[in-house]
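Work through the exercises below with the structure in view. Try each task before you read its solution.

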Amino acid sequence: MATRWGICSAGKISHDFTVALKTLPAEDHQAVAVAARKLEDAQEFSRKHNISKAYGSYEELARDPDVDVVYIGNIHPHHLKACLLFMNAKKNVLCEKPLAMNTKEVKEILDSAKRNQVFLMEAVWTRFFPVSEEVRKLLAQREIGEVKMIRSEFGIPLLHRPRLVEKELGGGALLSLGMYCLQFVCMVYNGERPESIQATGVCLDTGVDETVIVTLKFSEKRMAVFTYSSSMKLPNDAIIVGTKGTIQIPSWMWCPTSLIVNGKETQYPLPEPCLPLNFHNGTGMRYEAEEVRQCLLKGLKESPVMSHSDSLLLAELEDEIRKQVGVVYSQDCQ
C-alpha cells in the first residue's frame, strides 16, 4: 500500500516536496489531496501535480479519510494551529521546520501528538540526506577520532523576501537559516545539551535577526561555532574536526550532495526533478518522505533520526539565541 499524502498549503515549499515525492516509487508514495486557503490556489496546484482532490480549507483536508499523513508547508507562525488541527483529526504529520515559533508552542504540538497517538516529525530534511547518514556512520565508527570542534555557515541575501524580514510572518534568519547550522551541531554531538551558548549579532529595523555568530561549549572541552545571515552570501559549508582527521561538507551544507573525509571526496547526486524547483536540491526532500513511510510501516510515532526530543532541544536553543540577540515574537508574549 502506498503512503497517501495530503499537502497543506499550495506554496513554493509544498511544490518542491510534491515534486520530490514523484522521484520515489508511485507504489510507495502518492499525493492524493491538497488544501489551500483559496480553493483556486489548491485547484491550480492539483492540476500542476496531477492530484485528484483540491480543498479550499485545511479543515476539509483534515476530514479526508483517504489521507494517511499530512505535509504542512505553510509559514511557521501558522504551524501550531495546523498541527493541532490535523493531529486532533488523527492524521500523522510531517511539519516543515521550524516546528513552531518557540518552545512553548513546540511542547503544545508534541503533547498533542502523544495525546492523539499519531506520528509527528519536524521536516529537518538535511538529516535524511545520504551525506548526513554517512556522517552519522563515520562518527559512530570514530573515523576522525574524538570530535573537538564543529564549524558551519548559512548565509544567503534574502532581504527582498518579506517572510525573512517581517516579524508577523515569522521573519528572522535563525528560524529559516541558522537552525540548519544548529541542528547540524546537535546531530554531531548526538542531542547533547551545550554547557553554554553565546550569541551576538545584528537585527533589522523590523526587530528580527539578520546576521548572528553563535558559539557553543559542550562537555569534555568540545566546541562549536556557526554564523548565519539573511543579508550576505557565506561559504555555506560545514566542517567537523576530530583528533584523527576532518569531515567536510562543501557548499550547501543544508542540502548536501558531497562529502570530504580526510581529503577524499565522494559525490551523492540527487534525482532530477520533473518540474522546475523553487529551492536548491529540492528533490532531496524525498529522503524525509521515505523516512516517514518507514516509520509508519513500523508503527512508530516519531523518527529516531529527528525525534521529538531533538525538536524540543532545537526550540530551546533557538529561544536562547533569540533572547541573547533581542528578538521577541508576539507568540513569546502569549
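The exercises go from the whole chain to single residues, and the model used throughout is predicted.

**Exercise 1. Describe the overall build of the protein chain.**

Solution.
- Step 1: Take the secondary structure. The protein chain has ten helices and 14 strands.
- Step 2: Take the extent. Along the principal axes, the C-alpha atoms fill a box of roughly 55 × 45 × 40 Å.
- Step 3: Test for a compact globule. For 334 residues, such a globule would have a radius of gyration near 20 Å. The protein chain has 19 Å, so the value agrees with a compact globule.
- Step 4: Look at the contacts. Count those between residues at least 6 apart in sequence; 68% of them join residues at least 24 apart.

**Exercise 2. Work out how the protein chain divides into inside and surface, and where its charges lie on average.**

Solution.
- Step 1: Of the 334 residues, 57% count as buried.
- Step 2: The accessible surface is about 14,200 Å². Carbon and sulfur atoms account for 51% of that surface.
- Step 3: Now the charges. There are 39 positive and 42 negative ones, and their mean positions are 2 Å apart.

**Exercise 3. Decide whether helix α4 is mostly covered or mostly open, and find its packing partners.**

Solution.
- Step 1: Locate the helix. α4 spans residues 79–88.
- Step 2: Count its buried residues. Seven of the ten are buried, and α4 is mostly covered.
- Step 3: Name them. They are H79, L80, A82, C83, L84, F86 and M87.
- Step 4: Recall helix geometry. An α-helix has 3.6 residues a turn, so residues three or four places apart point the same way.
- Step 5: Find the partners. The buried residues of α4 pack against strands β1, β4, β5 and β6, and against helices α3 and α5.
- Step 6: Look past the end. K90 follows α4 and has a positive phi, near 65°.

**Exercise 4. Place S258 and R293, and say what surrounds each.**

Solution.
- Step 1: S258 sits in strand β13, residues 258–261. R293 sits in helix α9, residues 286–297.
- Step 2: Apply the cut-off for burial, under 20% relative accessible area. S258 has 9%, so it is buried. R293 also has 9%, so it is buried.
- Step 3: List contacts, leaving aside neighbours within four places in sequence. S258 is in contact with V131, I249, P250, E265, T266, Q267 and Y268. R293 is in contact with M1, A2, T3, D28 and H29.
- Step 4: Check for a polar contact of S258. Its side chain makes one with the side chain of E265, at 3.3 Å.

**Exercise 5. Place P157 and E320, and find a residue far along the chain from each whose C-alpha separation is given.**

Solution.
- Step 1: P157 lies in the loop between β7 and α7. E320 belongs to helix α10, residues 308–325.
- Step 2: Judge exposure. Partly exposed runs between the 20% and 50% limits. P157 is at 43%, so it counts as partly exposed. E320 is at 26%, so it counts as partly exposed.
- Step 3: Take P157 and L234. They are 77 residues apart along the chain, with C-alpha atoms separated by 9.2 Å. Beyond four places in sequence, P157 touches S230, S231, M232 and K233.
- Step 4: Take E320 and Q198. They are 122 residues apart along the chain, and their C-alpha atoms are separated by 8.9 Å.
- Step 5: Finish with the side chain of E320. A polar contact of 2.7 Å joins it to the side chain of Q324.

Methods: Residues numbered from 1 in each chain as written. Predicted model: local features only at pLDDT ≥ 70, side-chain atom pairs only at ≥ 80, totals over all residues. Heavy atoms only, no water. Helix = DSSP H or I, 4+ residues; strand = E, 2+ residues; numbered from the N terminus. Rg over C-alpha atoms; globule rule 2.2 N^0.38 Å. Buried < 20%, exposed > 50% of the residue type's maximum accessible area, 1.4 Å probe, protein only. Contact = heavy atoms within 4.5 Å. Areas by Shrake-Rupley, 256 points an atom, 1.4 Å probe, with all protein chains shown as cover. Lys, Arg positive; Asp, Glu negative; His and termini not counted. Charge placed at Lys NZ, Arg CZ, Asp CG, Glu CD. Polar contact = N/O pair within 3.5 Å; in protein donor to acceptor, adjacent residues only side chain to side chain.
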